[in-house]
2 protein chains.
Amino acid sequence: MNLRKNSTGRLTLNDVARAAGVSRATVSLVLRGSPLVHVDTRARVEAEMARLGYVYNRAAANLRRRVSSSVALVVNDLSNPFFAEFAAGVDEALAAAGYVTLLGSTGESPERQLAVVGSLIEHDPAAIILSPAEGSDAAALARAVGPRTPVLVFNRELAGSPWDFLGLDNRRGAHLATEHLLALGHRRIAFFGGHADSSSCRERRAGYADALRNVGIAVDDDWLIESAPTRMDAAARTGLLFAREPAPTAAVCYNDAVALGLMLGLVRRGRHPGRDFAVTGFDDIPEAILAAPPLTTIAADPRARGRQAAQLVLARVEGTAPEPQRTIAAVELVVRESCMPV
Amino acid sequence: MNLRKNSTGRLTLNDVARAAGVSRATVSLVLRGSPLVHVDTRARVEAEMARLGYVYNRAAANLRRRVSSSVALVVNDLSNPFFAEFAAGVDEALAAAGYVTLLGSTGESPERQLAVVGSLIEHDPAAIILSPAEGSDAAALARAVGPRTPVLVFNRELAGSPWDFLGLDNRRGAHLATEHLLALGHRRIAFFGGHADSSSCRERRAGYADALRNVGIAVDDDWLIESAPTRMDAAARTGLLFAREPAPTAAVCYNDAVALGLMLGLVRRGRHPGRDFAVTGFDDIPEAILAAPPLTTIAADPRARGRQAAQLVLARVEGTAPEPQRTIAAVELVVRESCMPV
DNA sequence: CCGGCGATTTATAACGATCTAAATTCGTCG
DNA sequence: CGACGAATTTAGATCGTTATAAATCGCCGG
């Protein structure tokens with residue numbers, strides 16, 4: 001047995017073994033609660049660990065056992081409360097399952113995203129939960145990830161990726177919002193915000209169009225207005241809604257950020273959201289309830305989505321489902337005060 | 001040389017070495033860009049790596065080199081935008097320095113916090129950035145962390161801990177807010193919200209008291225009102241401000257969440273924040289600008305604080321400053337529309 | 001043609017854990 | 001009292017990488 005004193009101060013199995021007068025192997029068995037070790041030995045070893053303040057080195061153990069106890073979470077923007085909540089949910093569920101979360105944020109930059117994934121993958125996560133940046137290159141990502149690490153894509157479809165997907169029922173959500181406005185008597189309803197080339201925007205627009213078609217209203221292309229999915233840009237583009245007479249009386253917004261921006265833009269133009277123009281959002285971020293007036297929106301419960309993502313990815317890690325899975329989470333309409341009847 | 005085929009599919013240095021017809025050691029040198037290897041050899045090895053899709057196993061390397069390339073971030077509540085921004089800043093700076101972020105969230109529970117720290121520490125982070133849960137037990141934490149991992153405590157003082165600290169200038173912030181109200185002519189000013197036993201609340205109250213004392217106003221204990229630092233609880237306690245005549249005309253709030261809750265509570269009582277009652281916040285969360293009216297508050301720039309925390313902790317990891325450092329970040333008043341003159 | 005000296009390359013022992021197979025120890029029974 | 005099977009313990013190889021020290025190569029001068 002090698003008894004060389006560990007040169008740095010780091011305590012290892014060896015140190016505990018020596019202190020307790022047993023072999024490394026025995027200490028290892030104690031650590032993992034094996035029934036093989038004699039109860040007295042166990043007690044002695046455990047006492048020694050406590051006395052010395054030993055801490056387990058999971059990296060070394062994982063290396064030997066060829067397993068991983070971490071999952072990487074790559075998120076585009078933590079300062080968006082929707083994703084912050086999602087991240088909290090992911091971490092909560094991973095921690096409960098004994099995994100640790102490796103965090104990476106990309107700031108919506110596909111290049112940074114590639115770098116982040118490349119760095120995280122070197123830490124050998126059991127899986128990756130990826131909420132892709134806009135304009136991600138699926139092939140480049142697949143190359144960076146390699147074939148051995150399962151990935152769950154969240155929220156934005158990644159065209160042509162071989163991975164599991166968890167998304168919201170965007171189509172149905174927008175459908176619900178549009179129906180709500182129709183039921184209030186609105187007939188001139190715009191779809192406001194988002195980038196038309198993102199999958200979630202396309203799906204939401206489709207739900208909106210469905211609902212209109214169901215009641216025999218044609219979609220007016222002038223009322224399909226794009227914007228960056230941010231408050232600022234949405235506020236700036238408010239004017240586009242009123243470029244032509246007759247203007248719409250309501251807008252289904254791409255998401256809450258856009259809706260709040262639109263409300264700001266309306267106020268600046270002297271209009272009163274919820275009184276002379278109806279607005280709906282999507283996501284139900286915490287600000288939605290605080291807005292003036294409180295925003296009617298589509299709730300997606302991002303924290304629950306986070307837990308769900310963690311569960312899906314762990315199922316994939318442990319079991320071996322053969323096919324990539326698509327999971328679509330239900331959403332619901334929460335009515336507040338931003339839509340008046342017409 | 002051991003040529004046993006790797007049983008799992010995982011590619012290792014060995015596989016690359018074999019494919020390129022060189023030794024493991026050479027491949028390792030190539031990986032680290034050593035000038036020792038011949039340029040032709042390097043090219044051949046690199047080609048082989050690309051062809052096979054080799055990915056570096058940093059855990060194994062770290063084990064051998066006895067270094068760590070991760071930093072743990074333990075945060076009480078990611079769904080609080082202040083901490084979400086902070087986390088984003090931490091991750092941004094750590095990533096730039098080549099470290100990966102291990103995330104742990106505690107949901108404000110000291111027990112979960114202990115468990116989370118215990119789990120993270122097993123992954124051998126180079127350091128821990130800890131935003132402690134309320135009611136943390138410093139001694140228990142110190143035991144869980146052990147003596148070898150540097151810790152930076154953020155935001156809440158941890159009594160009797162031997163660790164570095166990064167905090168906001170709470171005292172000065174509250175002082176600024178109070179002075180602002182005084183300058184607007186207010187004389188009956190309350191301090192609203194927060195738990196009096198938290199260090200940040202005590203400091204903010206002290207700044208508030210200083211400012212009042214400076215103009216010869218005594219602090220009225222009836223106007224020191226506690227609440228949980230949440231919107232809900234703040235809204236519920238609004239009535240306490242008006243228990244006695246004459247009531248205050250303004251309140252310095254513990255933080256933005258409390259201020260927003262208070263504004264909600266005021267509206268419910270038929271008052272108009274910013275018109276017949278002045279309110280200030282603390283933190284400048286994104287909602288602050290959206291509130292009705294937009295909230296005058298103290299900006300702490302949490303993302304910059306996150307970057308700063310990362311930098312401090314890395315400095316500690318790399319250099320060896322002997323003394324624990326206390327760093328207090330400046331804050332500034334941002335005036336919006338929630339305070340009318342009296 | 002040998003010795004020597006850079007320039008390259010490599011064998012081998014670590015890092016801190018686990019696993020396998022083999023070696024001990026122990027109680028009991030013939 | 002020695003044998004035998006069960007209960008415990010352990011030596012040694014191994015995970016994928018790095019560090020050290022030694023080996024090899026090519027080329028030059030003598």
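How do the residues of the surface near DNA strand C divide into nonpolar, polar and charged? In this predicted model, they divide into 13 nonpolar, eight polar and nine charged residues. The description below begins with that surface. It then turns to DNA strand D, to the contact between the protein chains, and to local features of the chains.

DNA strand C has 30 residues around it. Those that come nearest are Leu13(A), Ser28(A), Arg32(A), Arg64(A) and Thr41(B). Both protein chains are therefore represented in this set under the 4 Å cut-off for a near residue. Of the atoms of DNA strand C that come within 4 Å of the protein, 69% belong to sugar and phosphate.

Individual polar contacts give this surface its detail. In the side chain of Ser28(A), an N or O atom is 2.2 Å from a phosphate oxygen of DNA strand C. Tyr56(A) also reaches a phosphate oxygen of this strand, with a polar side-chain atom at 2.9 Å. Arg64(B) meets a base instead: a polar atom of its side chain lies 2.8 Å from a base nitrogen of DNA strand C. Four elements give two or more residues each to this surface. They are α2 (24-31) and α4 of chain A, together with α2 (24-31) and α4 (58-65) of chain B.

DNA strand D is surrounded by 29 residues. The closest are Thr41(A), Leu13(B), Ser28(B), Arg32(B) and Arg64(B). Sugar or phosphate holds 70% of the atoms of DNA strand D within 4 Å of the protein, and bases hold the rest. The surface near DNA strand D divides into 12 nonpolar, eight polar and nine charged residues.

Chain A touches the phosphates of DNA strand D through backbone and side chain. A polar backbone atom of Ser23(A) is 2.8 Å from a phosphate oxygen of the strand. For Thr26(A), an N or O atom of the side chain is 2.7 Å from a phosphate oxygen. Chain B supplies a contact to a base. There, a backbone N or O atom of Ala60(B) lies 3.2 Å from a base nitrogen of DNA strand D. At least two residues of the surface near DNA strand D come from each of α2 and α4 of chain A and α2 and α4 of chain B.

The two protein chains also meet each other. The contact takes 42 residues from chain A and 41 residues from chain B. About 3,800 Å² is buried between them, and carbon and sulfur atoms give 57% of this area. Leu103(A), Glu122(A) and Leu290(A) supply 16% of the area that chain A buries against chain B, more than any other three residues.

Polar and charged pairs cross this interface. Four salt bridges are counted between chain A and chain B. One of them joins the side chains of Arg58(A) and Glu122(B), at 2.3 Å from N to O. Residue pairs in polar contact number 10, with both residues at pLDDT 80 or more. On the side of chain A that touches chain B, the elements giving two or more residues are α4 (58-65), α5 (81-96), β2 (100-105), α6 (110-121) and α12 (287-290). The residues of that side divide into 17 nonpolar, 12 polar and 13 charged.

Strand pairing also links the chains. β2(A) runs antiparallel to strand β2 (residues 100-105) of chain B, and three bridges join the two. Within this pairing, Leu102(A) has Leu102(B) as its bridge partner.

Chain A contains an open sheet of four strands, in the order β7-β6-β8-β9, with parallel pairing. Its edge strands are β7 (224-225) and β9, each paired on one side only. Strand β6 (residues 189-192) and β8(A) pair over four bridges in the parallel sense. Phe192(A) has Cys253(A) as its bridge partner in β8(A).

Several loop residues have notable backbone geometry. The peptide bond from Glu245(A) to Pro246(A) is cis, with omega near -5°. Pro246(A) is placed in the loop between α10 (231-236) and β8 (250-253) of chain A. In chain B, the bond from Glu245(B) to Pro246(B) is likewise cis, with omega near -5°. Pro246(B) lies in the loop between α10 (231-236) and β8 (250-253) of chain B. Asp283(A), a residue other than glycine, has a positive phi near 125°. Asp283(A) is found in the loop between β9 (278-280) and α12 of chain A.

Technical notes
Residues numbered from 1 in each chain as written. Chains lettered and ligands numbered in written order. Heavy atoms only, no water. Contact = heavy atoms within 4.5 Å. Buried area = accessible area lost by both parts, 1.4 Å probe. Polar contact = N/O pair within 3.5 Å; in protein donor to acceptor, adjacent residues only side chain to side chain. Nonpolar A, V, L, I, M, F, W, Y, C, P; charged D, E, K, R; others polar. Pairing = 2+ DSSP bridges.
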